[in-house]
Amino acid sequence: MSEPDIFYILGNKVRRDLLSHLTCTECYFSFLSSKVSVSSTAVAKHLKIMEREGILKSYEREGPFIGPARKYYNIAISRTYVTTVTPNLFWYRGLDLGEFSFEKAEIDLTHIPLEHESLLQMVNSFLELTSELEKILQALQAVESRRDRLMKELKERYLQEIGDMTQLAILHYLLLAGEATIEDLSDRLNLKEREVLVKAQELDKFIPLIIKDGAIKIDEEKLKQKLGGV
């Protein structure tokens, strides 16, 4: 299969929202439709586009109750995309995520001059900078592979021990975004703001949060205290 047109996929907010929900768990069609503010016909169109591009895959599975099988969707790729867009550069790379033993990167730009006397020197410096960039990409690939694996383990543990998908969705977003407003979470989760607040307060019993002035973030200081046994 050819490389998916990731910029086309991510250029639409509904598709971004659908992908956000699918990073929490695999979802069946009617659940996804309930989580975005467009018609089920539009959702079906967006899912079809992403499946055609190889971003998603679907399958049917019998539910716990008597009735027709449900169609489920999950994300079919594990890649990080890096891009640079300037008046002089348009460049992007897809990095496959897997198990990487890369542990340390040392970037040294001191030997690459800022000023050049000839075209050959410029070309040589560009190639040396590209070599340093490759080190950064290898490090990013390793970091994202470990984050991806840890997020998978974290979701499984949270569902086993706590079992609340909405709490998990809030935690998932906070881990990735760092901070979120209640309004933003309400929009993303398709819940009323007071429902988001209640779920965040429940989540705070397990993962320390700072809930203040309509914003929510993980309380890293209290988290470290709990880990230290204080």
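# Briefing: a small sheet, a long helix and two loops

Alanine 180 stands opposite isoleucine 216 in β8. The model is predicted. The notes below cover the sheet that includes β8, two residues of helix α5, a nonpolar surface patch, and two loop residues with positive phi.

**The sheet**

- Strand β6 pairs with strand β8, which spans residues 215-218, in the antiparallel sense over 3 bridges.
- The open sheet has 3 strands, in the order β6-β8-β7, and the pairing is antiparallel.
- Its edge strands are β6 (179-181) and β7 (209-212), each of which pairs on one side only.
- From one strand to the next, the twist averages 15°.
- Helix α8, residues 193-203, packs on the sheet and touches β7 and β8. The direction of α8 makes about 150° with that of β7.

**Helix α5 and the surface patch**

- Leucine 129 lies in helix α5, which covers residues 119-161.
- Leucine 129 has a relative accessible area of 37%, so it is partly exposed.
- A nonpolar patch on the surface is formed by Ile107, Leu109, Leu129, Leu133 and Ile136. Together these residues have about 390 Å² of accessible area.
- Glutamate 144 is also found in helix α5.
- Glutamate 144 counts as buried because its relative accessibility is 19%, and the cut-off for buried is under 20%.
- Leaving aside residues up to four places away in sequence, glutamate 144 touches Thr80 and Leu97.

**Loop residues with positive phi**

- Most residues other than glycine have a negative phi.
- Asparagine 190 is not a glycine, yet has a positive phi of about 55°.
- Asparagine 190 is placed in the loop between α7 (182-189) and α8. That loop leads to the helix that packs on the sheet.
- With 35% relative accessibility, asparagine 190 counts as partly exposed.
- Aspartate 213, another residue other than glycine, has a positive phi near 55°.
- The loop between β7 and β8 holds aspartate 213.
- Aspartate 213 counts as exposed because its relative accessibility is 74%, and the cut-off for exposed is over 50%.

Note on methods. Residues are numbered from 1 along each chain as its sequence is written. This is a predicted model: local features need pLDDT of at least 70, side-chain atom pairs count only at pLDDT 80 or more; totals for chains, interfaces and linings use all residues. Side-chain values use heavy atoms; hydrogens and water are left out. Patches are made of residues with over 30% relative accessible area and no salt bridge: like charges are joined within 9 Å, nonpolar side chains (Val, Leu, Ile, Met, Phe, Trp, Tyr) within 5 Å. Accessible areas come from the Shrake-Rupley method with a 1.4 Å probe; for residues, only the protein chains shown count as cover. A salt bridge is a side-chain nitrogen of Lys or Arg within 4 Å of a carboxyl oxygen of Asp or Glu. Helices (H or I, at least four residues) and strands (E, at least two) are DSSP runs, numbered from the N terminus. Buried means under 20% relative accessible area, exposed over 50%, partly exposed in between (1.4 Å probe, protein chains only). Contact means heavy atoms within 4.5 Å. Two strands pair if DSSP finds at least two bridges between them. Axes are lines fitted to C-alpha atoms, for helices over the stretch in contact, and angles run from 0 to 180 degrees between N-to-C directions.
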